[in-house]
Amino acid sequence: MTSTAVSTAVELVNAPLLYKGKVRELYDLGDEVLIVVTDRISAFDYVLDPAVPDKGNVLNRLSAFWFGQTKELIENHVVHIDVDRLGDIVRDREALKNRIMVVRKAERIDIECVVRGCITGGGWRQYQETGKVNGIELPKGLRKNAVLTEPIFTPAAKNDVGHDEDIPFEQMQELIGAELALELKEKSLKLFAFAREYCKDRGIILADCKFEFGLLDGKVILIDEIFTPDASRFWAKDKYALDIEIDSMDKEPVRTYLSASSWDKNSTPDPLPLEVVEETSRRYLDIYHRLTGKSL
């Protein structure tokens with residue numbers, strides 16, 4: 001492991017805490033927001049102990065990398081990622097240097113914009129039951145993990161408590177308006193197409209991903225995180241196969257360990273074993289290196 005894990009930044013930031021999510025903490029800077037990406041890790045709706053060293057650094061730096069790569073496609077909320085510009089707002093610059101992002105305040109659009117390039121995960125479960133995903137009829141006889149002829153847009157209504165709810169595109173139009181819904185769909189598909197080609201050149205399959213958008217002065221911008229292991233399903237090309245559970249390039253060691261344990265998924269689980277934490281940290285560092293060509 002390369003650094004000490006950061007479970008929270010509350011004692012490290014001299015600014016009001018706006019929101020504490022499973023991984024991210026948002027602090028109020030007036031016209032802007034400071035996002036601190038911690039090393040907390042969640043699975044099956046529980047935040048687990050201990051935190052995973054470097055996970056937050058990878059998520060933050062990867063988002064910054066992809067925001068830079070896609071800024072010609074769509075404007076985003078990033079102002080800067082330089083901890084030194086924060087002055088005395090930060091009490092420990094070394095602890096937070098790779099995990100901060102200062103962003104413009106935008107009005108979040110309460111839709112999670114999901115694009116699926118392969119039929120797997122929750123989309124596969126829907127397809128098995130109905131032959132459809134979010135109301136989109138797909139060809140008969142598809143096999144698990146099959147690459148779709150065309151990626152599909154499968155939105156979900158945001159739910160800050162519990163799971164987001166998969167909805168048909170028509171319902172998304174009713175919720176936010178037909179014109180805005182179409183704009184988000186088009187932008188999501190365009191972003192996915194860009195990243196899929198980028199990943200393909202690096203031996204990685206982008207199976208699916210999710211985006212969040214906001215409104216700033218009436219204009220749609222990209223917010224939150226983008227093409228990270230927490231917001232995307234990455235598969236190594238050499239691990240790809242039909243009809244199996246592909247070992248994705250993210251916190252899969254945690255999910256595998258918990259699924260094989262005696263944990264009932266209804267109570268706080270015991271701390272993760274050190275070897276699971278170390279393997280998860282290694283995976284996050286590996287995907288960062290494979291996507292950016294750099295090391296943290």
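This passage describes a central strand region, two helices and the aromatic contacts of a predicted model.

Strand β9 comes first. This strand covers residues 111–118. Eight of its eight residues are buried, so β9 is largely enclosed by the rest of the structure. Three other strands are described here as its partners. Strand β15, residues 204–216, pairs with β9 in the antiparallel sense over four bridges. Within that pairing, V115 has C209 as its bridge partner. Strand β12, residues 147–153, also runs antiparallel to β9, and three bridges join them. Here C118 is matched with V147. Strand β13, residues 156–157, is antiparallel to β9 as well, with two bridges. In this pairing E112 stands opposite A156.

E112 gives a view of β9 from a single residue. E112 lies in this strand. Its relative accessible area is 10%. The cut-off for a buried residue is under 20%, so E112 counts as buried. The contacts of E112, leaving aside residues up to four places away in sequence, are P155, A156, K158, D164, K210, F211 and E212. A156 is thus both a contact of E112 and the residue opposite E112 in β13. Two of the other contacts, K210 and F211, have numbers that fall within β15, residues 204–216. The chain also brings T154 towards this site. E112 and T154 are 42 residues apart along the chain, but their C-alpha atoms are separated by 8.8 Å.

Helix α5 is the next element. This helix runs over residues 178–200. Its 23 residues should span 33 Å at 1.5 Å a residue, and its end C-alpha atoms are 33 Å apart, which agrees. The buried residues of α5 are L180, A181, L184, S188, L191, F192, A195, Y198 and C199. Among them, L184 has a relative accessible area of 0%. L184 touches I109, C113, F153, M172, I176, F213 and V220, not counting residues up to four places away in sequence. C113 belongs to the range of β9, residues 111–118, and F153 to that of β12, residues 147–153. L184 and F153 are 31 residues apart along the chain, with 9.7 Å between their C-alpha atoms.

Helix α7 shows a one-sided pattern of burial. The helix covers residues 274–292 and has 19 residues. Its first and last C-alpha atoms are 27 Å apart, close to the 27 Å expected. Its buried residues are V276, V277, T280, S281, R283, Y284, I287, Y288, L291 and T292. They cover an arc of only 155° around the axis, which puts them on the same side of α7. An α-helix has 3.6 residues a turn, so residues three or four places apart point the same way. The face turned away from the buried side of α7 carries the exposed residues L274 and E275. The cover over the buried residues of α7 includes β4, α1, α5, β15, β17 and α6. Just after the helix, G293 takes a positive phi of about 75°.

Aromatic rings form another set of contacts. A search of the whole structure finds eleven aromatic pairs. One of them joins W124 and Y127, whose ring centres are 5.8 Å apart with planes at 35°, so the pair is tilted. Both residues lie in helix α3, residues 121–130. They are three residues apart, and so are separated by about one helical turn. W124 is buried at 14% relative accessibility, and Y127 is buried at 9%. W235 and Y240 form another tilted pair, with 5.9 Å centre to centre and 35° between the planes. W235 is buried, with a relative accessible area of 1%. Y240 counts as partly exposed, at 28% relative accessibility.

Other rings gather in a group. F65, W66, Y198, F211, F213 and F227 form one aromatic cluster. Several of these residues have been met above. Y198 is among the buried residues of α5. F211 is touched by E112, and F213 is touched by L184.

Charged side chains also meet rings. The charged end of R202 sits over the ring of Y198, 3.6 Å from its centre. This places R202 over a member of the aromatic cluster. K265 lies over the face of F44, at 4.1 Å from the ring centre.

Key: Residues are numbered from 1 along each chain as its sequence is written. This is a predicted model: local features need pLDDT of at least 70, side-chain atom pairs count only at pLDDT 80 or more; totals for chains, interfaces and linings use all residues. Side-chain values use heavy atoms; hydrogens and water are left out. Buried means under 20% relative accessible area, exposed over 50%, partly exposed in between (1.4 Å probe, protein chains only). Two strands pair if DSSP finds at least two bridges between them. Contact means heavy atoms within 4.5 Å. The expected span of a helix is 1.5 Å times one less than its number of residues. The arc is that of the directions from the helix axis to the C-beta atoms. Rings of Phe, Tyr and Trp (its six-membered ring) pair if their centres lie within 6.5 Å; planes under 30 degrees apart count as stacked, over 60 as edge-to-face and the rest as tilted. A charge sits over a ring if NZ of Lys or CZ of Arg is within 6 Å of the ring centre and within 35 degrees of the ring normal.
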